[in-house]
Amino acid sequence: MPERRRLAPGVDVPCVGMGTWQTFDVDGSRADIVDNALRAGIELFDSSPMYGRAERVLGAALADRRNEAFVATKIWTRSRKEGKAQAEHALRQFGGRVDLYQVHNLVATDVQLALLEELREQGKVRLVGATHYSPASFGALAQLMRSGRLDAVQVPYNPREREVEREILPLAEELGIGVLVMRPFAQGSLLRRQPAVCDLGALGVETWAQALLKWILSDLRCTCAIPATSKPGRATENARAGEPPWLDSDQRAYVARLAS
Ligand SMILES: NC(=O)c1ccc[n+]([C@@H]2O[C@H](COP(=O)([O-])OP(=O)(O)OC[C@H]3O[C@@H](n4cnc5c(N)ncnc54)[C@H](OP(=O)(O)O)[C@@H]3O)[C@@H](O)[C@H]2O)c1
């Protein structure tokens, strides 16, 4: 079972979660993936209205197991009216509450943060956060973190995308802000071309995917990595990377070298 880490005061989550971009934007059901994920100790699922049918498919897959899950989703629009419509839709899918509601890619941050704070006051939202995928926006994200309005941020971090090491991760640690790690496999590209030789045993893992997740989670400033998968068995594989022991600095350097 993945180790539990503190996302916000009084809120602990397993350090391996699951993203839904592309993988849950489907006509059919993803109940098999969600069932496997919950069985493996993955509780946190991340979605967005940007991901087409994903919120609806995730809500249907959770069904009467909603209480076992921690749902993170996002508002993604410039308009307040459309933001409210997105929130009404999400709340319908997720049993009337969202555990972590994030402003997607800092789109209309002031408008949407105010909406999310209202929903939090009404008890429909537990935590409020913001996401961005681009280092060009990390300055704006850091400024928002300093405002005291965010419980958590979501940013990319993997051996090929390490910009968050400069400001975002130190700031999150200093301010006690949770960190969700998007794109742990660089959108799968770190897995499509795997190293010809890798001593997985020396890293205490069985697969290259687990080595990459362990590389991320060995930085204890990361609260939860959220790999996406369309294969039920991979939820189990990914969850197992969330168990200690963690990699030391030599082991991390070895993985980073192989991934580059
Ligand atoms: N701006 C934002 O807020 C933002 C931006 C990007 C992403 N995100 C969030 O972060 C989540 C994760 O990022 P991502 O989906 O871009 O990419 P990712 O998780 O880095 O990579 C996903 C890819 O990895 C493959 N994969 C997963 N586990 C595997 C395993 N054990 N072995 C081999 N292949 C494996 C999947 O293929 P299979 O389906 O074949 O397993 C999929 O193609 C998203 O789903 C989304 O929730 C947020």
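Two strands pair if DSSP finds at least two bridges between them. Helices (H or I, at least four residues) and strands (E, at least two) are DSSP runs, numbered from the N terminus. The structure is a predicted model, in which local features need pLDDT of at least 70 and side-chain atom pairs count only at pLDDT 80 or more, while totals for chains, interfaces and linings use all residues. Residues are numbered from 1 along each chain as its sequence is written, and side-chain values use heavy atoms, with hydrogens and water left out.

**Exercise 1: the sheet**

Task: work out the strand order of the open sheet, then follow strand 9 within it.

Solution. Start with the order: eight strands form the open sheet as 3-4-5-6-7-8-9-10, with parallel pairing. Next, find the edges: strand 3 (18-19) and strand 10 (224-225) each pair on one side only. Strands of a sheet pair through backbone hydrogen bonds, either parallel or antiparallel.

Now take two of the pairs. Strand 8 (residues 152-156) runs parallel to strand 9 and is joined to it by five bridges, with Val153 opposite Val179. Strand 5 (residues 70-75) and strand 6 are also parallel, joined by four bridges, and here Ile75 stands opposite Val103.

Finally, look at the side chains. In a regular strand they alternate between the two faces of the sheet. In strand 9, Gly178, Leu180 and Met182 point one way, and Val179 and Val181 the other. Five of the five residues of strand 9 are buried (under 20% relative accessible area with a 1.4 Å probe, protein chains only; exposed is over 50%, and partly exposed lies in between).

**Exercise 2: two helices**

Task: describe how helix 9 (residues 208-217) packs on helix 11 (residues 249-259).

Solution. First, the geometry: the angle is about 125° and the axes are 10 Å apart. Axes are lines fitted to C-alpha atoms, for helices over the stretch in contact, and angles run from 0 to 180 degrees between N-to-C directions. Helix 9 and helix 11 are therefore oblique to each other (under 35 degrees counts as roughly parallel, over 145 as roughly antiparallel, 65 to 115 as roughly perpendicular and the rest as oblique).

Second, the residues in contact (heavy atoms within 4.5 Å): helix 9 brings Trp208, Ala211, Leu212, Trp215 and Ile216, and helix 11 brings Arg252, Val255, Ala256, Leu258 and Ala259.

Third, burial: 10 of the 10 residues of helix 9 are buried, Gln210 and Lys214 among them.

**Exercise 3: unusual backbone**

Task: find out where Asn105, Gln187 and Pro245 lie, and state what is unusual in each backbone.

Solution. Begin with the background: most residues other than glycine have a negative phi, and most peptide bonds are trans.

- Asn105 has a positive phi of about 55°. Its loop runs between strand 6 (98-103) and helix 4 (109-121), and Asn105 is buried at 15% relative accessible area.
- Gln187 also has a positive phi, near 60°. Gln187 sits in the loop between strand 9 (178-182) and helix 7 (189-192) and is partly exposed, at 45% relative accessibility.
- Pro244 and Pro245 are joined by a cis peptide bond, with omega about 10°. Pro245 is in the loop between helix 10 (232-240) and helix 11.
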